[in-house]
Amino acid sequence: MAGAVVVNRFYEAFAHRDAATMAACYHPEATFEDPAFGPLDRDNACAMWAMLLSRSNDLAITHEVLRDAGEVVVAQWVARYTFTRTGRPVVNRIDATLTLEDGLIRAHRDRFSFWAWSRQAFGLPGLLLGWTPWFQAKVRAEVLRALKAYRATSG
């Protein structure tokens, strides 16, 4: 259950829009990866969470720890929010695998259906193109540009 403590703290901080506590749950050499942003180092992952929290007025997060094997914790979490670019509601169900080191999250990998997410976020374009590598690369380039701009302005 030791692993679940830090994972629960991370997701509870997320639900309370507390990016600083989320960042404190990450190991200094942490890595993050998901289908939208791809692989990120700790600094970019922490900035990503802060950016996402700053851009959403109605974000609601729920989570459940499914398995705690000490150094590896498997969780499911759900994000409900309005996608700001299109104003469309999104319910994204994510499977997370978190590897711990020194009581902190060392590797965090989120998995979700990019196509299911893009259908909700973009509507018809997401339905028709969300499964294609071209569309996924386009979205990734856009979110990484936004992350870079956020980091440049948030100091």
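## Briefing on the sheet, helices and core of a predicted model

In β6, the residue that serves as bridge partner to Asp 95 is Arg 111. This pair belongs to a predicted model, in which β5 and β6 are paired in the antiparallel sense over 7 bridges. The two strands sit side by side in an open sheet of 6 strands, whose order is β2-β1-β6-β5-β4-β3 and whose pairing is mixed. The points below take up the sheet, the helices that pack in the model, the nonpolar core and a few individual residues.

**The sheet**

- The edges of the sheet are held by β2 and β3 (60–68), each of which has a single partner strand, so that one side of each is left without a neighbour in the sheet.
- From one strand to the next, the twist of this sheet averages 20°.
- Helix α3 packs on the sheet and touches β1, β2, β4 and β6, while its direction makes about 65° with that of β1.
- β1 and β6 run parallel and are joined by 4 bridges; within this pairing, Thr 31 has Ala 107 of β6 as its bridge partner.
- On the other pairing of β1, strand β2 (residues 38–41) runs antiparallel to β1 over 4 bridges, and Phe 32 stands opposite Leu 40 in β2.
- The link between β1 and β2 is a hairpin, which passes from one strand to the other through 3 residues.

**Helix packing**

- The axes of α3 and α6 come within 10 Å and cross at roughly 90°, and the two helices are therefore roughly perpendicular to each other.
- On the α3 side this meeting involves Asp 43, Asn 44, Ala 47, Met 48, Ala 50, Met 51, Ser 54 and Arg 55, and on the α6 side it involves Val 143, Ala 146, Leu 147, Tyr 150 and Arg 151.
- Helix α6 also packs with α4, at an angle of about 65° and with the two axes 12 Å apart; because roughly perpendicular covers angles of 65 to 115 degrees, α4 counts as roughly perpendicular to α6.
- The crossing of α4 and α6 is left-handed, and the contact is made by Phe 114, Trp 117, Ser 118 and Phe 122 from α4 together with Phe 135, Gln 136 and Val 139 from α6.

**The nonpolar core**

- The largest nonpolar core comprises 48 residues, and those with the most contacts inside it are Tyr 11, Phe 14, Trp 49, Trp 77 and Trp 117.
- The elements that contribute two or more residues to this core are α1 (2–15), α2 (19–24), β1 (26–34), α3 (42–55), β4 (72–83), β5 (88–101), α4 (114–122) and α6 (133–154).
- Helix α3, which also packs on the sheet, gives the most to this core, with 8 residues.
- Trp 117, which is one of the α4 residues in the contact with α6, is also in contact with a set of residues beyond four places in sequence, including Tyr 81, Phe 83, Val 90, Asn 92 and Phe 112.

**Residues with positive phi**

- Most residues other than glycine have a negative phi, and the two residues in this group may be read against that background.
- Arg 17 lies in the loop between α1 and α2 and has a phi near 60°, which is a positive value in a residue other than glycine; because its relative accessibility is 35%, Arg 17 counts as partly exposed.
- Asp 102 lies in the loop between β5 and β6 (104–111) and has a positive phi of about 55°, although Asp 102 is not a glycine; its relative accessible area of 66% is the reason why Asp 102 is classed as exposed.

**Leu 129 and its surroundings**

- Leu 129 is placed in helix α5 (residues 124–129), and its relative accessibility of 33% means that Leu 129 counts as partly exposed.
- When residues up to four places away in sequence are not counted, Leu 129 touches Trp 134 and Phe 135, and Phe 135 is also among the α6 residues that make the contact with α4.
- Leu 129 and Trp 115 are 14 residues apart in sequence, and their C-alpha atoms are 8.1 Å apart in space.

Methods:
Residues numbered from 1 in each chain as written. Predicted model: local features only at pLDDT ≥ 70, side-chain atom pairs only at ≥ 80, totals over all residues. Heavy atoms only, no water. Buried < 20%, exposed > 50% of the residue type's maximum accessible area, 1.4 Å probe, protein only. Contact = heavy atoms within 4.5 Å. Core = buried A, V, L, I, M, F, W, Y, C linked by side-chain atoms within 4.5 Å. Pairing = 2+ DSSP bridges. Axes fitted to C-alpha atoms, helices over the stretch in contact; angles between N-to-C directions. Parallel < 35°, antiparallel > 145°, perpendicular 65-115°, else oblique. Left-handed = near helix turned anticlockwise from the far one by under 90°.
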